[in-house]
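Hi there,

Here is the structure I promised to pass on to you. Have a look at it first, and then read my notes below.

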Amino acid sequence: MHSWEHLCLFSACVPHCTRHSLLFILELGIMLEYENSGELKTKSIDLLDLDPSTDVNALVEEIQKAEPLITASRSDQVKLLIQRLQSKLKQHSNHKFYLFKVLRAHILPLTNVALNKSGSCFITGSYDRTCKLWDTASGEELHTLEGHRNVVYAIAFNNPYGDKIATGSFDKTCKLWSVETGKCYHTFRGHTAEIVCLSFNPQSTLVATGSMDRTAKLWDIQNGEELFTLTGHSAEIISLSFNTLGNRIITGSFDHTVIVWEADSGRKVYILIGHCAEISSALFNWDCSLILTGSMDKTCMLWDATNGKCVATLTGHDDEILDSCFDYTGKLIATASADGTARVFSVATRKCITKLEGHEGEISKISFNPQGSRLLTGSSDKTARIWDAQTGQCLQVLGGHTDEIFSCAFNYKGDIIVTDPQERALPPTERLCEF
């Protein structure tokens, strides 16, 4: 008899943001989608200094002067989008989350979970060789993506569009799927070992895959062809991500280094050398000026993305760094460690602002909510927790799991949390409970 793996959905009530025509709201900016000589292109405008007191009319005038794509006919629409972003920043996020679904997901352990941008649906990967697409509100299974011959380990939506899914497997292939139909567009073959990480570029024209074969590959979404193989690491690649412009990609490896590459040519730009143990995470900040790397050497390092130089080493943890992230403004950094604590650092001062203490096991995942006021952590102590990002106070413990939490995430609005526990048994019915 099979034991079922499940995941939990936690919900709260906050207003939402919407997608409009060719203008898309991003975390702290606006993406423009336009045609140039028949080719579809995108361009982002960051709003990192936006706050609740910003004069929106004056800001839109400044944007119009700097960006010809924002014409007078679009100004009202841009104002509306910025006002909605401003509204999100005014939210105090003092709501409580309640457990509203426990989903009977897979017959073998889950590997990862990912939400689309709106949070209307999410995907789960599993050791059962499948990826499943779920409706968040109803908990209904929309599609089972079948075809891999081994563990489905790495999964992602092509956010902010959310119409495609990529799955990376221990069978050494990556597959591209339709969200609408569940059909497979392409199977990307070429790696000689397990695929353990992947990412879409922001324009949703490329998929990057990282493998235990020590290489990363870039694939064309339209025709399914391999564009480049990124070679240079001497050990397995376990982390990769694009910057927000989509013109650069970073890969983190067990060889203790991170490499920066040009996405349009596959050329190696910099090798970030400084860690003395395996890399656990590597990512750019929003404006592409900084790179954050976490390592099993108990430190995080901050690098200048323009020249590859280390600008700070963040210390204080007593054990391996398992995850790290920027907030959406790039002003704060959060780190999660096997020592059972998390820390928040100021990017400006490079100093620790607060320490998050309360978990009774290692913390494997950490992320900010979109407003940057809360942190979500998942731990081997079978709980997820919500924290005040400034004070470090634990605001809520999300319990109900019977095993460690491997992955957890906020949706874009910050009103839904998905947790991915390594459960070994499932209650016979879905549960609804309030915290």
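**Strand S11 and its neighbours**

Strands S11 and S12 make a hairpin with 4 residues between them, and Lys172 in that turn has a positive phi of about 80°. Please keep in mind that this is a predicted model.

S12 covers residues 174-178, and its pairing with S11 is antiparallel, over 5 bridges. To follow this pairing by eye, find Ala166, which stands opposite Leu176 in S12, and Thr167, which stands opposite Lys175 in S12.

On its other side, S11 has S10 (residues 152-157), joined to it by 5 bridges and also running antiparallel. Here Phe157 has Ile165 in S11 as its bridge partner. S10 and S11 form a hairpin too, with 6 residues between them, and Gly162 in the turn has a positive phi of about 75°.

Now zoom out a little. The open sheet has 4 strands in the order S10-S11-S12-S13, with antiparallel pairing. S10 and S13 (184-188) are at the edges with a single partner strand each, so one side of each has no neighbour in the sheet. On average, neighbouring strands of this sheet are turned by 15° against each other, direction ignored.

Is S11 itself buried or exposed? In S11 (residues 164-169), 6 of the 6 residues are buried, so the strand is largely enclosed by the rest of the structure. In a regular strand, side chains alternate between the two faces of the sheet. Both faces of S11 are covered: Lys164, Ala166 and Gly168 are buried on one side, and Ile165, Thr167 and Ser169 on the other.

Happy exploring!

Conventions
Residues are numbered from 1 along each chain as its sequence is written. This is a predicted model: local features need pLDDT of at least 70, side-chain atom pairs count only at pLDDT 80 or more; totals for chains, interfaces and linings use all residues. Side-chain values use heavy atoms; hydrogens and water are left out. Buried means under 20% relative accessible area, exposed over 50%, partly exposed in between (1.4 Å probe, protein chains only). Helices (H or I, at least four residues) and strands (E, at least two) are DSSP runs, numbered from the N terminus. Two strands pair if DSSP finds at least two bridges between them. Axes are lines fitted to C-alpha atoms, for helices over the stretch in contact, and angles run from 0 to 180 degrees between N-to-C directions.
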